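Biologist: Hey, can you walk me through this one? I'm new to it, so plain answers please.

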Amino acid sequence: MKEKILAHRGVSLTAPENTLPAFAAAIKQGLAGIELDVQMSKDGHLIVIHDERVDRTTNGKGLVRDMTLEEIKSLDAGTWFAEKYSGVKIPVLEEVLELIDNREFMINIELKSGIIQYPGLEERVLEAVKKYNLLDKVIFSSFNHYSLLKIKEIHEGAKTGVLYYAGLVDPWEYGKKLKAYSLHPFLPSVTEQMVKECLVQGLQVIPFTVNNKETAKKLIDFGVEYVIMDWGQIT
Ligand code: G3P
Ligand code: MG
């Protein structure tokens, strides 16, 4: 089953979410890959963090887009989770790509452009992935589907994944319209028939987020490519 699991924000059960220790744990456990979230700093750096604000996962306060990289790097992103992670920093995307170091490992980069628009986010994320020669191992996803179109416009061969919550009718039609590689539906909207039809139509399905082994197994039997596993591990 490990080869079908993408650790949601890294292995966030045992390490602070979206940090290098959480991603390193996914590599160590032999999982298929990771899902991570990217926002942008005031000075245009790619910041790996889920929320638009730093408040929940660091000792700081404020919006990522209002802070420079230097300010973001001065924050502690580990102590809130556990004392042993005190001093862990928020990573930039390049640090994560460096950690992957070209091994067989999937990276699902979620562009967090759904709430705040970050001019140039798509260009910069693509540039970073190309720099590390990881294009074939990356799926770019977003709830903001204009970001996905932008990615395809810049690099047609890039793999995009359509994130959505609703119980869409014929979601494969929409996925094909966007020339997406995969659909990333919210778990409750996934059915066996839907997965099978997506595969017939040439789209992979990667549901989020799964939190137990039985559900993961059922989805894998349906034919999903990966499951985005909450806490990043099988419980
Ligand atoms: O990419 C799947 C999942 O991460 C989407 O929701 O809010 O956890 O980023 P969220
Ligand atoms: Mg995410």
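Biologist: How many salt bridges does the structure hold?
Modeller: There are 11 salt bridges in the structure. Keep in mind that this is a predicted model.

Biologist: Which residues are linked in a network of salt bridges?
Modeller: That network links Arg-9, Glu-17, Asp-51 and Arg-56.

Biologist: And what does Asp-55 meet in a salt bridge?
Modeller: Its partner is Arg-53, with 3.3 Å from N to O. Asp-55 has a relative accessible area of 29%, so it counts as partly exposed. Arg-53 is partly exposed too, at 39% relative accessibility.

Biologist: How about Asp-66, what's on the other side of its salt bridge?
Modeller: Arg-65, and the N to O distance there is 3.8 Å. Asp-66 comes out as partly exposed because its relative accessibility is 43%. Arg-65, with a relative accessible area of 42%, is partly exposed as well.

Biologist: Then there's Glu-110. Is that one buried or exposed?
Modeller: Buried, because its relative accessible area is 5% and the cut-off for buried is under 20%. The side chain of Glu-110 meets that of Lys-112 in a salt bridge of 2.7 Å, N to O. Lys-112 is also buried, with a relative accessible area of 11%.

Biologist: Let's switch to pockets. What volume does the largest pocket have?
Modeller: About 160 Å³. The lining is made up of 16 residues, and Glu-110 turns up again here: along with His-8, Phe-143, Tyr-165 and Phe-208, it lies nearest the centre.

Biologist: Which strands each supply at least two residues of that lining?
Modeller: β2 (33-40), β4 (106-111) and β9 (208-210) each do that.

Biologist: How does the lining of the largest pocket split by class?
Modeller: You get 5 nonpolar, 6 polar and 5 charged residues.

Biologist: You mentioned Phe-143. Where is its place in the chain?
Modeller: Phe-143 sits in the loop between β5 (138-142) and α5 (145-154). With 33% relative accessibility, Phe-143 counts as partly exposed. Phe-143 also helps make a nonpolar surface patch of about 280 Å², together with Tyr-165 and Phe-186.

Biologist: Okay, what about closed spaces? How many cavities of 30 Å³ or more does the count come to?
Modeller: The count is 1 cavity of 30 Å³ or more. The largest cavity holds about 60 Å³ of space.

Biologist: Which residues line the largest cavity?
Modeller: Among them are Glu-17, Asn-18, Thr-19, Val-48, Ile-49 and His-50. Thr-57, Ala-77, Ile-90 and Pro-91 are in the lining as well. You've met Glu-17 before, in the salt-bridge network with Arg-9, Asp-51 and Arg-56.

Biologist: And how do the residues of that cavity lining divide?
Modeller: Into 5 nonpolar, 4 polar and 1 charged.

Biologist: New topic: residues apart in sequence. How far apart in space are Ala-128 and Glu-94?
Modeller: Their C-alpha atoms are 6.4 Å apart, while in sequence the two are 34 residues apart. Ala-128 belongs to helix α4 (residues 121-131). Ala-128 counts as buried, since its relative accessibility is 4%.

Biologist: And Ile-139, where is that found?
Modeller: In strand β5. With a relative accessible area of 1%, Ile-139 is buried. Between Ile-139 and Tyr-181 there are 8.0 Å, C-alpha to C-alpha, and the pair is 42 residues apart in sequence.

How values were computed: Residues numbered from 1 in each chain as written. Chains lettered and ligands numbered in written order. Predicted model: local features only at pLDDT ≥ 70, side-chain atom pairs only at ≥ 80, totals over all residues. Heavy atoms only, no water. Patch = residues over 30% accessible without salt bridge, like charges linked within 9 Å, V, L, I, M, F, W, Y side chains within 5 Å. Areas by Shrake-Rupley, 256 points an atom, 1.4 Å probe, with all protein chains shown as cover. Salt bridge = Lys/Arg side-chain N within 4 Å of Asp/Glu carboxyl O. Helix = DSSP H or I, 4+ residues; strand = E, 2+ residues; numbered from the N terminus. Buried < 20%, exposed > 50% of the residue type's maximum accessible area, 1.4 Å probe, protein only. 1 Å grid on protein atoms, 1.4 Å probe; cavity = no way out; pocket = protein on both sides within 12 Å on 5 of 7 lines; lining within 4 Å. Points joined across faces, edges and corners; volume = space filled by probe spheres on them. Nonpolar A, V, L, I, M, F, W, Y, C, P; charged D, E, K, R; others polar.
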